[in-house]
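Trainee: I should like to go through this structure by question and answer. Please show it to me before we begin.

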Amino acid sequence: MAIRKIIIEPDPTLKKISEPVDRVGTEEQKLMDDMLETMYYAKGIGLAAIQIGVPKRIVVMDLSKDEKKKEPMYFVNPIIKNKNQDLSKFEEGCLSVPNQFVEVSRPSTCEIEYLDYNGEKRNLKCDGLLAVCIQHEIQHLDGITILRYVSNLKRSMIVKKLSKLKANEDRVVL
Ligand code: ZN
């Protein structure tokens, strides 16, 4: 396993539409292992492959609160079905938009169809944080981040801040 670099907004890569995976093989499993390790390292609860620069429709998540009891979840080619008409609001963060929180309204429940780590077809009913997180991650696969949900003014402020952050990150001290 390896920790990969997470791409931070603003970055055109995050706008890419990710491609469906033909079959889940060792390459995809290795990618999922890396994604999970990267997500744990960054202390996130969800990560889409495009956030480490891989345009494949793959998401990993772990919503367990207890660090000792990890509950990794893997979603390949996830599709949202049966969205609830009722929306619920949640303050969302994102590993690609560090230190920012954005209020987003999404269907409060939904059903997901996907392939798991072993390529088996599965269905999952989602509500609460699970519904929020999976919908957030699937939007990454369609090139959308939480910056979609803020005003133009707030977006430009956030982009300015993150650009500064990234410029500092690239600095090398010898
Ligand atoms: Zn995100």
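Trainee: Is α2 largely enclosed or open, and how many of its residues are buried?

Mentor: The model is a predicted one, in which local features need pLDDT of at least 70 and side-chain atom pairs count only at pLDDT 80 or more, while totals for chains, interfaces and linings use all residues. Residues are numbered from 1 along each chain as its sequence is written, and side-chain values use heavy atoms, leaving out hydrogens and water. Buried means under 20% relative accessible area, exposed over 50% and partly exposed in between, with a 1.4 Å probe and protein chains only. Among the buried residues of α2 are Leu 130, Cys 133 and Leu 141; α2 is largely enclosed by the rest of the structure, because the buried ones number 12 of 14.

Trainee: What span should α2 have, and how far apart are its end C-alpha atoms?

Mentor: Helices (H or I, at least four residues) and strands (E, at least two) are DSSP runs numbered from the N terminus. The expected span of a helix is 1.5 Å times one less than its number of residues. For the 14 residues of α2 that gives 20 Å, which agrees with the separation of the end C-alpha atoms, 21 Å.

Trainee: Which protein atoms are the donors of the zinc ion?

Mentor: Donors are N, O and S atoms within 2.8 Å of the metal (3.2 Å for Na, K and Ca), and sites may look incomplete because water is not among the atoms. Two of the zinc donors, His 136 and His 140, lie in helix α2 (residues 128-141), four residues apart, about one turn of the helix. His 136 is buried at 7% relative accessibility, and His 140 is buried at 1%. At 2.1 to 2.2 Å from the zinc ion, the protein donors are Cys 94 (SG), His 136 (NE2) and His 140 (NE2).

Trainee: What spacing do the donors of the zinc ion follow along the chain?

Mentor: The two histidines are four residues apart in α2. With the cysteine included, the spacing of the zinc donors is C-x41-H-x3-H.

Trainee: Which element gives the largest share of the largest nonpolar core?

Mentor: A nonpolar core is a set of buried Ala, Val, Leu, Ile, Met, Phe, Trp, Tyr and Cys residues joined through side-chain atoms within 4.5 Å. The largest one has 18 residues, of which Met 35, Leu 47, Ile 58 and Val 60 touch the most other members. Two or more residues come from each of α1 (26-41), β2 (58-61) and β3. The largest share, five residues, is that of α1.

Trainee: Against which strands do the buried residues of α1 pack?

Mentor: Buried residues of α1 include Leu 31, Met 32 and Met 35. Contact means heavy atoms within 4.5 Å, and Ile 58 touches residues including Leu 31, Met 32 and Met 35. The strands against which the buried residues of α1 pack are β1, β2 and β3.

Trainee: How is the pair of Tyr 74 and Tyr 117 oriented?

Mentor: Rings of Phe, Tyr and Trp (its six-membered ring) pair if their centres lie within 6.5 Å; planes under 30 degrees apart count as stacked, over 60 as edge-to-face and the rest as tilted. The structure holds two aromatic pairs. In one of them, Tyr 74 and Tyr 117 lie 4.6 Å centre to centre with 50° between the planes, so the pair is tilted.

Definitions and conventions:
Lists of a residue's contacts leave out its neighbours within four places in sequence.
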